[in-house]
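I am opening a notebook on a structure that is new to me. The entries follow the order in which I looked things up.

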Amino acid sequence: MITSIVQFNVSEPIGLEEAKKIFSGSAPKYVKIQGLIRKYYLLSKDGKTAGGVYLWKSQEDAEKFYTQDWKEFILEKYGSNPIITYFNSPVIVDNLSEQIICDD
């Protein structure tokens with residue numbers, strides 16, 4: 001499994017309530033994305049940086065999703081280019097399901 005962390009600066013700081021509204025509006029777009037297991041939306045405490053943490057089945061799935069069109073959408077919507085960092089995620093502790101998940 002691969003975890004990607006996406007970060008971008010926002011042109012104007014946003015508050016938590018506004019972020020919830022924006023993120024809730026885009027969340028349905030991420031349902032049933034090929035290879036996406038989970039997405040967490042991120043907002044820095046000062047409201048100047050946003051992004052997401054994504055858990056993918058593979059890096060190939062992630063790279064297929066982060067197209068040039070997607071990057072341009074982020075630039076247009078938030079005013080800066082996203083920075084994407086990839087990490088291997090060989091073991092995940094899921095306390096909600098009380099499972100330890102190991103990458104095959």
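**Entry 1. Surface and overall form**

How much area does the chain expose, and what share of it do carbon and sulfur atoms supply? I found about 7100 Å² exposed, with 53% of it from carbon and sulfur. I note here that the model is predicted.

I then looked up the extent of the chain. The C-alpha trace spans about 40 × 30 × 20 Å along its principal axes. The radius of gyration is 14 Å, and a compact globule with 104 residues would have one near 13 Å, so the chain agrees with that expectation. I also checked burial: 33% of the 104 residues count as buried.

**Entry 2. Order of helices and strands**

I listed three helices and six strands. Along the sequence they follow the pattern β-α-β-β-α-α-β-β-β. For contacts between residues at least 6 apart in sequence, I noted that 60% join residues at least 24 apart.

**Entry 3. Strand S1 and its partners**

I looked up which strands pair with S1, residues 2-9. Strand S3 pairs with S1 in the antiparallel sense, over eight bridges. In that pairing Ser-4 stands opposite Tyr-54 of S3. Strand S4, residues 83-88, is also antiparallel to S1, and six bridges join the two. There I found Gln-7 opposite Ile-83 of S4.

**Entry 4. Trp-56**

Is Trp-56 buried or exposed? Trp-56 has a relative accessible area of 0%, so I put it down as buried. Trp-56 lies in strand S3.

I looked up what Trp-56 touches, leaving aside its neighbours within four places in sequence. The contacts include Met-1, Ile-2 and Ser-4. Also among them are Ile-33, Gln-34, Gly-35, Leu-36 and Ile-37, as well as Asp-61, Ala-62, Phe-65 and Tyr-66. I checked one separation too: Trp-56 and Pro-82 are 26 residues apart in sequence, and their C-alpha atoms are 18 Å apart in space.

**Entry 5. Aromatic rings**

How many aromatic pairs does the structure hold? I counted 14 aromatic pairs. One of them is formed by Tyr-54 and Trp-56, whose rings are stacked, 5.9 Å centre to centre with 10 degrees between the planes.

Why is the pair of Tyr-54 and Phe-65 called tilted? The ring centres are 6.5 Å apart and the planes stand at 45 degrees, so I entered this pair as tilted. The pair links distant parts of the chain, with Tyr-54 in strand S3 (residues 49-56) and Phe-65 in helix H2 (residues 59-65), 11 residues apart. Tyr-54 and Phe-65 are both buried. For Tyr-54 I have a relative accessible area of 2%.

I then followed the ring pairs outward. They link Phe-23, Tyr-30, Tyr-41, Tyr-54, Trp-56, Phe-65, Tyr-66, Trp-70 and Tyr-86 into a cluster. Next I looked at Lys-39, whose charged end sits over the ring of Tyr-30, 3.7 Å from its centre. The charged end of Lys-39 also sits over the ring of Tyr-41, 3.8 Å from that ring's centre.

**Entry 6. S5 and S6**

Which residues of strand S5 are on its covered face, and which are on its uncovered one? In S5, residues 91-94, the covered face has Ile-92 and Asp-94, and the uncovered face has Val-91 and Val-93. In a regular strand the side chains alternate between the two faces of the sheet.

S5 and strand S6 (residues 99-102) run antiparallel, joined by four bridges. Val-93 stands opposite Ile-100 of S6. The hairpin of S5 and S6 has four residues between the strands.

**Entry 7. Positive phi**

Most residues other than glycine have a negative phi. I looked up two residues with a positive one.

Lys-32 is not a glycine, yet its phi is about 65 degrees. I found Lys-32 in the loop between helix H1 (16-26) and strand S2 (36-43). Lys-32 has 80% relative accessibility and therefore counts as exposed.

Where is Glu-98 found? Glu-98 is in the loop between S5 and S6. The phi of Glu-98 is positive, near 55 degrees. With 72% relative accessibility, Glu-98 counts as exposed.

Technical notes:
Residues numbered from 1 in each chain as written. Predicted model: local features only at pLDDT ≥ 70, side-chain atom pairs only at ≥ 80, totals over all residues. Heavy atoms only, no water. Phe/Tyr/Trp six-rings, centres within 6.5 Å; stacked < 30°, edge-to-face > 60°. Buried < 20%, exposed > 50% of the residue type's maximum accessible area, 1.4 Å probe, protein only. Lys NZ or Arg CZ within 6 Å of the ring centre and 35° of its normal. Pairing = 2+ DSSP bridges. Rg over C-alpha atoms; globule rule 2.2 N^0.38 Å. Contact = heavy atoms within 4.5 Å. Areas by Shrake-Rupley, 256 points an atom, 1.4 Å probe, with all protein chains shown as cover.
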